[in-house]
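Trainee: Could we go through this model together? I would like to see how each label is earned.

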Amino acid sequence: MSFWKTKKLSEMTAEEWESLCDNCGKCCLHKLEDEETGKRVFTSIACKLINLKTCRCTRYTGRTRLVADCLDLKQSEFTRYDWLPATCAYRLLNDGKELPAWHPLLSGSTASVKKACVSISSYAIKESPGINPGDHIIEWLE
Ligand code: SF4
Ligand code: SF4
């Protein structure tokens with residue numbers, strides 16, 4: 001039986017945990033939050049440390065030290081995963097849902113993430129001075 005069907009997130013080994021990430025890159029996009037309602041929206045502006053071809057962090061080990069608001073999900077409260085995109089495996093499993101067919105653990109290849117248009121690779125831009133996040137708000141159909 002697949003480990004993600006039998007184990008809770010908190011019971012997974014480090015290797016199992018990492019394999020759940022599909023490297024979509026969505027969590028590395030800047031977000032805007034409405035101060036009054038608390039509603040969050042994603043933008044297409046990505047963290048300066050992401051490689052937009054692979055959608056992987058270029059400084060994964062030191063990421064939370066190098067980027068102030070970068071979170072180590074494994075160290076975060078599972079009850080606070082609601083900010084993650086709806087396609088994120090950690091959020092899906094935490095909510096008791098199945099992994100989608102395009103997830104690399106089921107498809108056997110990371111190419112399926114791009115094919116399913118889940119990767120940010122084709123549209124994200126790197127953060128840089130002068131970019132107004134409000135001009136780059138996005139919404140996913142999911
Ligand atoms: S949103 Fe989830 S699956 Fe996608 S890169 Fe971030 S942690 Fe990985
Ligand atoms: S530091 Fe790395 S993991 Fe964190 S948001 Fe930036 S690219 Fe993503």
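Mentor: Happily! Let's begin with residue classes: Ala, Val, Leu, Ile, Met, Phe, Trp, Tyr, Cys and Pro count as nonpolar, Asp, Glu, Lys and Arg as charged, and the others, Gly among them, as polar. Keep in mind that this is a predicted model.

Trainee: What makes up the shell around ligand 1, by class?

Mentor: Seven nonpolar, two polar and one charged residues. The residues surrounding ligand 1 include Cys21, Asp22, Asn23, Gly25, Leu73 and Tyr90. Asp22 counts as charged because Asp belongs to that class. The space that ligand 1 takes is the largest pocket.

Trainee: Why is the contact between Lys7 and Glu16 called a salt bridge?

Mentor: The N to O distance between their side chains is 2.9 Å. The cut-off is 4 Å, so the pair qualifies.

Trainee: Is Glu16 buried or exposed?

Mentor: Glu16 is buried, because its relative accessibility is 16% and buried means under 20%. Its partner Lys7, at 29%, is partly exposed.

Trainee: How do you know that Arg91 and Asp95 form a salt bridge?

Mentor: Their closest N and O atoms are 3.7 Å apart, and the limit is 4 Å, so the label holds. Arg91 is partly exposed at 23%, and Asp95 is partly exposed at 44%.

Trainee: Why is Glu33 called partly exposed?

Mentor: Its relative accessible area is 48%, and exposed means over 50%, so Glu33 falls in between. Glu33 meets Arg40 in a salt bridge at 3.3 Å, N to O, and Arg40 is partly exposed at 43%.

Trainee: How many salt bridges does the rule give?

Mentor: The count comes to four.

Technical notes: Residues numbered from 1 in each chain as written. Chains lettered and ligands numbered in written order. Predicted model: local features only at pLDDT ≥ 70, side-chain atom pairs only at ≥ 80, totals over all residues. Heavy atoms only, no water. Near = heavy atom within 4 Å. 1 Å grid on protein atoms, 1.4 Å probe; cavity = no way out; pocket = protein on both sides within 12 Å on 5 of 7 lines; lining within 4 Å. Sits in = over half its atoms within 2 Å of the grid points. Buried < 20%, exposed > 50% of the residue type's maximum accessible area, 1.4 Å probe, protein only.
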